[in-house]
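Here's a quick walk through one structure, from a single helix out to its charged pairs, rings and core. Keep the 3D view open as you read.

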Amino acid sequence: MSLPHVYQPIDINSPRGPLVVLEGVSAIGKTTLAQVLTERLGATGLHTLPLPHSGWSPVVNSQLRSLPQFAFYLSGVLHASDSIRLCRSIGPVVADRYISSVIACHAAVHRVEVATVIELLEPFRSYLEIPTRTFYLRCSESSLRERMAVKQDVRQDDTDLFAVPGRLARLLANFEKVAASDPSAVLVRTDDRTPDELADWITAHLEADGA
């Protein structure tokens, strides 16, 4: 679908910095790694969902049905894309979650196929900034439980990861499916690797790509 002019993204005619996205389940280390990468790359850091959406999500998750919830998260990622577009005109951007999380998480929570969520999102794809590289973080379940136990900002989504039967398995499977169809995807094991070591590996990968 071609969006009418009023709904087209702002056209920014300037050099564009790389967009580096970190994806994966809660507590896998995205936020800490994003902070290290942001400093290393001299980048702008951004979390999806950004404000004001991030403050509304608990109410949305508890009170809205599936389709309105999807519309809310779609709105958030469209808003994030506007911010990313502006920041890329200045330099690199590191995003802690982006489109893949919207797809994988919504599909897991509402027990629908990843392909169904992708189809819902497709009409708006042209509005969304395309990542230079999306690093999908993985680790063992034992490592994930250890990290969750020391996580400072535990939310309902985090506790549901282990409390809701099948939630973790569905999320892991969904991220696998999304990554398999993502041309920007790079898979990264995080077990026994510090944020600095992961940042070293990622920055070397970006340099090798010329990003």
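Let's start with helix α1, where K30, L33, A34, V36, L37 and T38 are buried. Those buried residues pack against four strands, β1 (19-23), β2 (44-47), β3 (93-96) and β4 (133-138), and against helix α9 (195-209). Bear in mind that this is a predicted model.

**Helix α1 and what comes after**

- Helix α1 covers residues 30-41, and its end C-alpha atoms sit 16 Å apart. That agrees with expectation, because 12 residues at 1.5 Å a residue should span 16 Å.
- Right after α1 comes G42, whose phi is positive, at about 60 degrees.
- L33, one of the buried residues of α1, turns up again in the core section below.

**Salt bridges**

- How many salt bridges does a search of the whole structure find? The count is 14.
- As background, side chains of opposite charge can pair when their charged atoms come close.
- One of these bridges joins D196 and R40, with the closest N and O atoms 3.5 Å apart. This pair links distant parts of the chain: D196 belongs to helix α9 and R40 to helix α1, and they are 156 residues apart.
- Are D196 and R40 buried or exposed? D196 has 44% relative accessibility, so it counts as partly exposed. R40, at 38%, counts as partly exposed too.
- R145 and E141 form another salt bridge, and here the closest N and O atoms are 3.1 Å apart. Both sit in helix α6 (residues 141-149), and because they are 4 residues apart, about one helical turn separates them.
- R145 counts as partly exposed at 43% relative accessibility, and E141 is partly exposed with a relative accessible area of 42%.
- D158 and K151 meet through their side chains in a salt bridge of 3.1 Å, N to O. D158 counts as buried because its relative accessibility is 4%, under the 20% cut-off. K151 is partly exposed, with a relative accessible area of 23%.
- There's also a network: R16, D82, R85, R88 and E129 are joined into one by salt bridges that share partners.

**Aromatic rings**

- The structure has 2 aromatic pairs.
- F72 and Y73 make up an edge-to-face pair, 5.0 Å centre to centre with 85 degrees between the planes. Both F72 and Y73 are buried.
- F135 and W201 form a pair with ring centres 6.4 Å apart and planes at 80 degrees, so this pair is edge-to-face. Since F135 lies in strand β4 and W201 in helix α9, the pair ties together parts that are 66 residues apart in sequence.
- F135 is buried, with a relative accessible area of 0%, whereas W201 is partly exposed at 35%.
- What sits over the ring of Y127? The charged end of R85 does, 5.2 Å from the ring centre. R85 is also a member of the salt-bridge network mentioned above.

**The nonpolar core**

- The largest nonpolar core has 58 residues, and the members touching the most others are L33, Y98, F135 and L144.
- Which element gives this core its largest share? Helix α3 (residues 66-88) does, with 9 residues.
- Two of those well-connected members have already appeared: L33 is buried in α1, and F135 pairs with W201.
- Setting aside neighbours within four places in sequence, L144 is in contact with V25, S26, A27, I28, C139, L161, F162 and L168.

**V154 and its surroundings**

- V154 is in the loop between α6 and α7 (156-163).
- With 41% relative accessibility, V154 counts as partly exposed.
- How far apart are V154 and A27? In sequence the gap is 127 residues, while C-alpha to C-alpha they are 8.9 Å apart in space.
- Leaving out neighbours within four places in sequence, V154 is in contact with M148 and T159.

Methods: Residues numbered from 1 in each chain as written. Predicted model: local features only at pLDDT ≥ 70, side-chain atom pairs only at ≥ 80, totals over all residues. Heavy atoms only, no water. Helix = DSSP H or I, 4+ residues; strand = E, 2+ residues; numbered from the N terminus. Expected span 1.5 Å × (residues − 1). Buried < 20%, exposed > 50% of the residue type's maximum accessible area, 1.4 Å probe, protein only. Contact = heavy atoms within 4.5 Å. Salt bridge = Lys/Arg side-chain N within 4 Å of Asp/Glu carboxyl O. Phe/Tyr/Trp six-rings, centres within 6.5 Å; stacked < 30°, edge-to-face > 60°. Lys NZ or Arg CZ within 6 Å of the ring centre and 35° of its normal. Core = buried A, V, L, I, M, F, W, Y, C linked by side-chain atoms within 4.5 Å.
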